[in-house]
Amino acid sequence: MAGDDPVIQPDDSNLEQFGYKPEFHRVLGFFANFSVGYSYMSPLAGFYALFAYALTTAGPSFFWTMPLVLLGHTVNALIFAEISSQYPIAGGVYQWARRLVGERWGFLTGWMYFLALVGVAAGLAAGVAPYLAALIGVEATNTFDNCVSLIIIVLSASLNLIGTRVLGKMSELGVWAGLIGLAVCGVYMLLFARVQPFHVLFEDFGVGAGHRTGAMLAASLLGIWIFFGHEACGDLAEEVHDASREVPRAMLTTMLAGGGSALLIALGMILAVPDMAGAVSGAVSNPADAALRNALGPMGATAMFGCLMLVAFSATISVIASTSRLLFSMGRDRMIPFSASMSHVNPRTGLPTAAVIAATVLPCVVLLVGSFAPHIAEAVINFATAGIYTTFTMVLLAAVFARLRGWSPSGPFNLGRYGWALTVVALAFEVGALINLVWPRPSSPDQSIVSVMLIPIVLIIVFCIGIAFSAHQSVTDPRSC
């Protein structure tokens, strides 16, 4: 019997101390939990999509912004690992903020994270279509992109609904596809397809002349857009064996493995670009594709599109899983409408069916709206990363507030006397990253002020709606249900 497992018993006992009845099936080990985070991060797909932006913004020297961003996020991962070790509860960031500060702050954190995940899921699904089009050799029209995106969302939900074991296996598929990409785009291209000298990593090819700092800050957005997803390991904590130990371990491994993969891929791809001057000037519209085709030929490049498609698909599956566990957790605390449905777990599958369906429908709505009002869908997807960083900042603010009130982390993973200092460092980094992310950067002189300020405007509106909604929410202590 699962309940007789010597590891599961302490896990469930810890959960009951928080006032919750164990309902999920604990079937995820360390690697499966790590796979959820790594697939969500999807460093291969993220770098491929953003490579041209970084080159045209700051030249190949943008590479040096990546390890700095990775360092900041690694500190963040240490703090999240410490918090999740004490609070290994489904819903991750929502539960951490709620336990550290209180119900209202928890709700606002969950609210921001929820909307951000909806945008991330829609964006990831939309990202699959171009890879599929390149793989099968068809034109990526708007109709094709929309249909593929919706199919990817529905397939991702279907695989989620089968069971947590299948979710884990599909996430692992994303890891293996990513590792193939790492071997090709990183190792192979660095060793056998290098056409640029190493000193090109310190050159800018004239980009950003006179405002080099601003150019490097803008280019650092590549790392900011890629290096998150570690928090997803905590979203499924109630389905992980020995969660207090394995979730923190999976988080840190996600950050180190995903970050290391991205750095190696970046190094291999930069040095394999055949025409760097053309790539930096924008004359070569897709330098990643040019590097792949020059190194691997048309057939090899097409095979890599298959890996990219699998990575993005696996990431979509992971994000829908995270969204559903967040809705379940908030529903269990009676923090959202339809709480009873959102928090119901099917005893046979061990899954919150209604929450998975809700996590599917909303990204589909975004994509459908985007088919006739693309600017609205674009605003939601662009908001997603800012929403994620706002959520991270809110959790770290909660950690600082709790420490000021005397909270001392008591989970198996503990930073000890370094916890305070690292929390402050992580908070400073996340605030800086968020400011950099929403900083207005006009793409043309005639761009309207509204479009330039769109992300901060949407961020403020969403936050204010969350405050208004939380003021009218009826919150019930789960222990009284």
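## Burial and R332

A residue counts as buried when its relative accessible area is under 20%. In this predicted model, R332 has a relative accessible area of 7%, so R332 is buried. The residue belongs to helix α14.

Two side-chain interactions are recorded for R332. Its side chain is joined to the side chain of E238 by a polar contact of 2.6 Å. R332 also lies over the face of Y20, at 3.7 Å from the ring centre. A second arginine is placed over a ring elsewhere: R249 lies over the face of F30, with 3.8 Å to the ring centre.

## Overall architecture

The protein has 20 helices and 0 strands. Its C-alpha trace spans about 65 × 45 × 45 Å along the principal axes. For 481 residues, a compact globule would have a radius of gyration near 23 Å; the value for the protein is 22 Å, which agrees.

Of the 481 residues, 58% are buried. The exposed surface of the protein comes to about 18600 Å², and carbon and sulfur atoms supply 68% of that area. Taking contacts between residues at least 6 apart in sequence, 84% join residues at least 24 apart.

## Aromatic pairs

How many aromatic pairs does the structure hold? The count is 23. One of them is formed by F24 and F328, whose ring centres are 4.8 Å apart. Planes over 60 degrees apart count as edge-to-face, and the planes of F24 and F328 stand at 75°, so this pair is edge-to-face. The pair links distant parts of the chain, 304 residues apart. F24 sits in the loop between α1 (8–17) and α2 (30–41), whereas F328 is in helix α14 (residues 287–332). Both partners fall under the burial cut-off: F24 is buried with a relative accessible area of 8%, and F328 is buried with 0%.

Y48 and Y131 make another edge-to-face pair, with 5.8 Å from centre to centre and 70° between the planes. Y48 lies in helix α3 (residues 43–58) and Y131 in helix α6 (residues 103–136), so the pair ties together parts of the chain that are 83 residues apart in sequence. Y48 is buried, its relative accessible area being 11%. Y131 has 9% relative accessibility and therefore counts as buried.

## An aromatic cluster

Ring pairs also build a cluster in this model. Its members are Y40, F80, W96, F228, Y389 and F392.

## The surroundings of T423

T423 is located in helix α18 (residues 419–438). Is T423 buried or exposed? Its relative accessibility is 0%, so T423 counts as buried.

Which residues does T423 touch, leaving out those up to four places away in sequence? The contacts are with I79, L396, A399, V400 and R403.

Note on methods:
Residues are numbered from 1 along each chain as its sequence is written. This is a predicted model: local features need pLDDT of at least 70, side-chain atom pairs count only at pLDDT 80 or more; totals for chains, interfaces and linings use all residues. Side-chain values use heavy atoms; hydrogens and water are left out. Rings of Phe, Tyr and Trp (its six-membered ring) pair if their centres lie within 6.5 Å; planes under 30 degrees apart count as stacked, over 60 as edge-to-face and the rest as tilted. Helices (H or I, at least four residues) and strands (E, at least two) are DSSP runs, numbered from the N terminus. Buried means under 20% relative accessible area, exposed over 50%, partly exposed in between (1.4 Å probe, protein chains only). A charge sits over a ring if NZ of Lys or CZ of Arg is within 6 Å of the ring centre and within 35 degrees of the ring normal. Contact means heavy atoms within 4.5 Å. The radius of gyration is taken over C-alpha atoms; the globule rule is 2.2 Å times the number of residues to the power 0.38. Accessible areas come from the Shrake-Rupley method with a 1.4 Å probe; for residues, only the protein chains shown count as cover. A polar contact is a pair of N or O atoms within 3.5 Å; within protein, one must be able to donate a hydrogen and the other to accept it, and residues adjacent in sequence count only if both atoms are side-chain atoms.
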